[in-house]
Amino acid sequence: MKRRNLLAFIGTAIASLFLAVGLPFFTPAPVVAQSNVSLLVSAAASLKDALEEIKPLYQQSKPNVNINFNFGASGALQQQIEQGAPTDIFISAAKRQVDALEQKGLLVSGTRSIIAKNRLVLVVPRNTTGITSFFNLRNDSVKKIAIGEPRSVPAGQYAEQVLQKLKLLPQIKSKLVYANNVRQVLASVESGNADAGLVYATDAKISDKVKAVVAADEKYHSAIIYPLAVIKSSKNVEAAKEFTQYLATSGQAKAVLRKYGFILP
């Protein structure tokens, strides 16, 4: 009897010891937390405000995904990617840059989509009068006209196309001042450093210092679209695919893009 009591006591003591030290076979395995992922999105400067508003909306359902942005001219971003700069997602303001990356085999197959469209407008400082059409750019009172650098800035390429179609380019070429991205064009007009500028309708919409006086006829320039794709060198391809899918299809993302004046495809 005493022997049974002694064995029971020893068994209870050993079990208590195991529980105290928390041996794994006496406690349930902990739930493994989902690891954090960081995505770098290289995007056209004209998307800055919209994407920065979309980011926290996405992170409400994906709190483990940290999204960073690299905004700039689409051509410059394309060159960075070609030179090996770490990028997970590229969103251009023109088809040409994404086509170039695809031709060089730098995109994940099947990840291309178009998330938005835009319009090109002529803007002037808000208190300016006497400019109501592109042809007024020939006026002597207009000294400087800001556009994006056509070699790297899609907005500049579209602007040049419009001016050529209207047969204005030879007459006003000496007045043109070039900017590294479309937001710099906007800033030049806002500050009065330029008397007019050609920017996207969405850029004009966010500024209370300029006014859009006329929109370019869409037949005078290539279609203004925003294609995106996942970059093949990404270390987080699946997470990048999920974010691009959200941008292209979610009601939340579309609502924000529409709010900023983008046209949905």
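This report describes the fold, the buried cores, the salt bridges and three single residues of a predicted model.

**The chain as a whole**

The chain contains 10 helices and 10 strands. Of its 265 residues, 45% are buried. The exposed area of the chain is about 13,800 Å², and carbon and sulfur atoms supply 53% of this area. Contacts between residues at least 6 apart in sequence were also sorted by separation: 78% of them join residues at least 24 apart.

**Nonpolar cores**

The largest nonpolar core has 71 residues, and Ile91 and Tyr226 are those with the most contacts inside it. There is also a second, separate core of 8 residues, whose members include Ile81, Leu101, Leu107 and Ile231.

**Helix 2 and its surroundings**

Helix 2 covers residues 48–61. Its buried residues are Ala50, Leu51, Ile54 and Tyr58. These buried residues pack against three strands, namely strand 1 (37–44), strand 2 (65–72) and strand 3 (89–91), and against helix 9 and helix 10.

Helix 2 also takes part in salt bridges. Within the helix, the side chain of glutamate 52 meets that of lysine 48 in a salt bridge. The two residues are 4 residues apart in helix 2, which means that about one helical turn separates them. An α-helix has 3.6 residues a turn, so residues three or four places apart point the same way. Glutamate 52 is partly exposed, at 38% relative accessible area. Lysine 48 is likewise counted as partly exposed, because its relative accessibility is 32%, and the limits for that class are 20% and 50%.

A second bridge leads out of the helix, from glutamate 53 to lysine 259. Because lysine 259 lies in helix 10 (residues 251–259) and glutamate 53 in helix 2, this pair ties together parts that are 206 residues apart in sequence. Lysine 259 is partly exposed, with a relative accessible area of 48%. Glutamate 53 is also partly exposed, at 25% relative accessibility.

**Salt bridges elsewhere**

The structure holds 12 salt bridges. Side chains of opposite charge can pair when their charged atoms come close. Another bridge joins lysine 241 and glutamate 238. These residues are 3 residues apart in helix 9 (residues 237–249), and so are separated by about one helical turn. Lysine 241 is partly exposed at 33% relative accessibility, whereas glutamate 238 is exposed, because its relative accessible area is 53% and the exposed class begins over 50%. Salt bridges also link Lys95, Asp99, Glu102 and Arg112 in a network.

The table gives the closest nitrogen-to-oxygen distances for three of the pairs.

| Basic residue | Acidic residue | N to O distance |
|---|---|---|
| Lysine 48 | Glutamate 52 | 3.3 Å |
| Lysine 259 | Glutamate 53 | 2.9 Å |
| Lysine 241 | Glutamate 238 | 3.8 Å |

**Three buried residues**

Valine 123 lies in strand 5 (residues 120–125). Its relative accessible area is 0%, so valine 123 is buried. Leaving out residues up to four places away in sequence, valine 123 touches Val189, Ala196, Gly197, Val199, Ala204, Val210, Lys211 and Ala212. One of these partners, valine 199, is 76 residues away from valine 123 in sequence, and the C-alpha atoms of the two are 7.1 Å apart in space.

Glutamine 78 is placed in helix 3 (residues 74–82). With a relative accessible area of 14%, glutamine 78 is buried, because the class takes in values under 20%. Residues up to four places away in sequence aside, glutamine 78 touches Phe90, Gln97, Ala100 and Leu101. Leu101 is also listed in the second core.

Serine 207 is found in the loop that runs between helix 8 (201–206) and strand 9 (210–215). Although in a loop, serine 207 counts as buried, at 8% relative accessibility. Its contacts, apart from neighbours within four places in sequence, are with Arg126, Leu186 and Glu190. With glutamate 190, the contact includes a polar one: the side chains of serine 207 and glutamate 190 come to 2.5 Å.

Notes: Residues numbered from 1 in each chain as written. Predicted model: local features only at pLDDT ≥ 70, side-chain atom pairs only at ≥ 80, totals over all residues. Heavy atoms only, no water. Core = buried A, V, L, I, M, F, W, Y, C linked by side-chain atoms within 4.5 Å. Buried < 20%, exposed > 50% of the residue type's maximum accessible area, 1.4 Å probe, protein only. Polar contact = N/O pair within 3.5 Å; in protein donor to acceptor, adjacent residues only side chain to side chain. Contact = heavy atoms within 4.5 Å. Salt bridge = Lys/Arg side-chain N within 4 Å of Asp/Glu carboxyl O. Areas by Shrake-Rupley, 256 points an atom, 1.4 Å probe, with all protein chains shown as cover.
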